[in-house]
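User: I am new to this protein and would like to understand how the terms used for it are justified. Please take me through the reasoning step by step.

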Amino acid sequence: MKNSYNDQDAQAFIERYLEVPPELALRVYTSRLLGREARLVLHGGGNTSVKAVAPNLLGEEMEVLFIKGSGWDLAAIEPAGFPGLDLAYLRKLRRLEALSDEEMVNQFRTHLLDAASPNPSIETLVHAFLPHRFIDHTHADAVVTLTHQENAEELLREALGPKIAVLSFIMPGFPLAKAMAEVSGQQPEAECIVLLHHGLFTFGDEARIAYDRMIEYVSRAESFLARATAKATAAPAAAPPAPAPEMVLPLLRGALSSADAAGARTRFALELRGGDEILAALARPDARDLFGSGVLTPDHVIRTKNRPLFLDLGAGAGEEALAARIATAVAAYREAYDGYFRRQTAAKQVERVKLDSGPRVALVPGLGLIAAGTSPKAAAIAADISEHTLLAKVSGAPLGPYRELGEEHIFDMEYWSLEQAKLGKGK
C-alpha cells in the first residue's frame, strides 16, 4: 500500500485552516489520505481523532478531543467534521462500572464545545481513553482477513511483527473503550491494536507517525497474504455458463420485492458486478462454502446482511423455470433469516422489530455479484462492500477456512439502534 504523506501538502493544510489548531488541520489531512484508500475505508467507515489544547469562551485553555463526526466521509472531511469534546471530562467516565449506549451518547452531546456539532463517533470513548495524541482506525481488508482465521492471533503476529496488541471482538461502546485502554496499559510498547473481526487502530504523538504505522502494518498484512496466495498452485476454473442478466435481474427484483403489514411494497434497485476477478472467484469449486460465509466486519451487516444468497442457476432454463428457481432460493433465504431472528431474540430475551428478511447480495456463478438496495446509491454501496469482501476471502483462503463471527454478535450490531441510525431508521 502506497504511503501518500507529503510534507508540503501537510503544511498547505495548516495554512488553509488557520482558524483551527494546527493539529486539527493535520488531522484533516491524514484522515483524507486514509479515506481515499478503499482497502482501508469504505463508505463512511473508520474514524480518526486528535487531542489538542484549545481556549474556551472565557479564554481558558482546555484539553479537547476532536473526533470524526457521524455522517462525514473521511475522504472529504473538513474541520467541521471533527466535533470537539471536553477531554478531561470524558476521561473521568472510565471510573464507571457501566454506561448504557443511550447515556453514553447523551454524555457526548452534553460535553461538546459546539452544540451544533454532528454526533461524535460511537467509538469516541476508545479515542478518549487511549493516551495517544493521534489515533487512526480503519477496517483494513488485509488485516481483517487475517482475523478470520482459526489461528488468527498467531498469524497476525507472524505477519505484523511483535509490536502489536490483539483484542477479541467486543461491540463498540463503553466496554470496548475500557478494554482497549486496559490492553494499551498492559502493552505500552504496542504500535497498533488489532480488534478481531473488526479492524486496526494505530497511534502516535504526530499525525504522520499514526498514518505511517497504518500504511506500514496494512502493507505487511497485504504482503503476507500475497505470499500465501503465491504458494497456492490451483489453476483458476473457467466461469460456468449462466443465464443472461436481462433474464436474471428482473426476476430477482420481483422475488426481492416485499410488502409490509399495510401492503406497501418495497422496490429494489440492483447493481451487477461481473469483472474477471469476481467471475474467477465464483467459479471456484469451494465458492458456495467460502463466499456464503459472513461479513468481514459487523459494521457491514446493515448494508449487506451477514450472508449473501448463492444462486447457481446454470444455463438453458426458460424464464418460467428460472423464475421458480430464484423464487425458491429467495424464500429459503428468508426462512433462514427468520430463524436467525427468532433464535437471537429468544436467546437474548429481547423484543425487536424484524427487518426485511430478504438478501441484499446474490452471487451467481457465470454472471457475477448482484447487490440490492432501496436506491441505486444503496445498491452501489452494498456492491462495493461485497466485492471487497469476496476478494478478501479469496486472499485468505490459502491460509485455511474462513471463520465468521458468531451470529449473536452479528445480531447485536444489526439491531443496534446506533448502527441503524446510520441508515436513517431512527435517532
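The conversation below sets computed values against the cut-offs that give each term its meaning.

Analyst: Please keep in mind from the start that this is a predicted model. We can begin with the sheet, then turn to the rings and finally to some single residues.

User: What is the order of the strands in the open sheet, and which are the edge strands?

Analyst: The open sheet is formed by 7 strands in the order β3-β2-β1-β4-β7-β6-β5, and their pairing is mixed. The edge strands are β3 (84-86) and β5 (164-167), since each of them pairs on one side only. On average, neighbouring strands of this sheet are turned by 25° against each other when direction is ignored.

User: How do you know that β4 and β7 pair?

Analyst: Two strands pair if at least two bridges are found between them, and strand β4 (residues 134-138) and strand β7 (residues 199-204) have 5 bridges, in the antiparallel sense. F134 stands opposite G204 in β7, and H137 has F201 of β7 as its bridge partner. Strand β1 (residues 47-55) also runs antiparallel to β4, joined to it by 4 bridges, and there T48 stands opposite D136.

User: What makes β4 a mostly covered strand?

Analyst: A residue is buried when its relative accessible area is under 20%, and in β4 this applies to 5 of its 5 residues. Both faces are covered, with F134, D136 and T138 buried on one side and I135 and H137 buried on the other.

User: Why is the pair of Y5 and Y29 called edge-to-face?

Analyst: Rings pair if their centres lie within 6.5 Å, and planes over 60 degrees apart count as edge-to-face. The centres of Y5 and Y29 are 5.3 Å apart and their planes stand at 70°, so the pair is edge-to-face. Y5 lies in the segment before α1 (7-16) and Y29 in helix α2 (residues 22-35), so this contact ties together parts that are 24 residues apart in sequence. Both Y5 and Y29 are buried.

User: Why, then, is the pair of Y5 and Y211 called tilted?

Analyst: Stacked planes are under 30 degrees apart and edge-to-face planes over 60, while the rest count as tilted. The planes of Y5 and Y211 are at 40°, with the ring centres 6.3 Å apart, so this pair is tilted. The pair links distant parts of the chain, because Y211 lies in helix α9 (residues 207-231), 206 residues apart from Y5 in the segment before α1. Ring pairs link Y5, F13, Y17, Y29 and Y211 into a cluster, and the whole structure holds 10 aromatic pairs.

User: How do you know that Y5 and Y211 are buried?

Analyst: The cut-off for buried is under 20% relative accessible area. Y5 has 13% and therefore counts as buried, and Y211, at 1%, is buried as well.

User: What makes R16 a charge over the ring of F13?

Analyst: For an arginine, CZ must be within 6 Å of the ring centre and within 35 degrees of the ring normal. R16 lies over the face of F13 at 4.5 Å from the ring centre, and the charged end of R220 sits over the ring of Y217, 4.7 Å from its centre.

User: How do you know that the buried residues of α4 line one face?

Analyst: The buried residues of helix α4 (residues 101-110) are M104, Q107 and F108. Seen down the axis of α4, they fall within an arc of 100°, so they line one face of the helix. An α-helix has 3.6 residues a turn, so residues three or four places apart point the same way.

User: Why is P250 called partly exposed?

Analyst: Partly exposed covers the values between the 20% limit for buried and the 50% limit for exposed. P250 has a relative accessible area of 48%, so it is partly exposed. P250 lies in helix α10 (residues 245-256).

User: What is said about phi of H197?

Analyst: Phi of H197 is near 65°, a positive value in a residue other than glycine. Most residues other than glycine have a negative phi. H197 is found in the loop between β6 (192-195) and β7, and with a relative accessible area of 13% it is buried.

Conventions
Residues are numbered from 1 along each chain as its sequence is written. This is a predicted model: local features need pLDDT of at least 70, side-chain atom pairs count only at pLDDT 80 or more; totals for chains, interfaces and linings use all residues. Side-chain values use heavy atoms; hydrogens and water are left out. Helices (H or I, at least four residues) and strands (E, at least two) are DSSP runs, numbered from the N terminus. Axes are lines fitted to C-alpha atoms, for helices over the stretch in contact, and angles run from 0 to 180 degrees between N-to-C directions. Rings of Phe, Tyr and Trp (its six-membered ring) pair if their centres lie within 6.5 Å; planes under 30 degrees apart count as stacked, over 60 as edge-to-face and the rest as tilted. Buried means under 20% relative accessible area, exposed over 50%, partly exposed in between (1.4 Å probe, protein chains only). The arc is that of the directions from the helix axis to the C-beta atoms.
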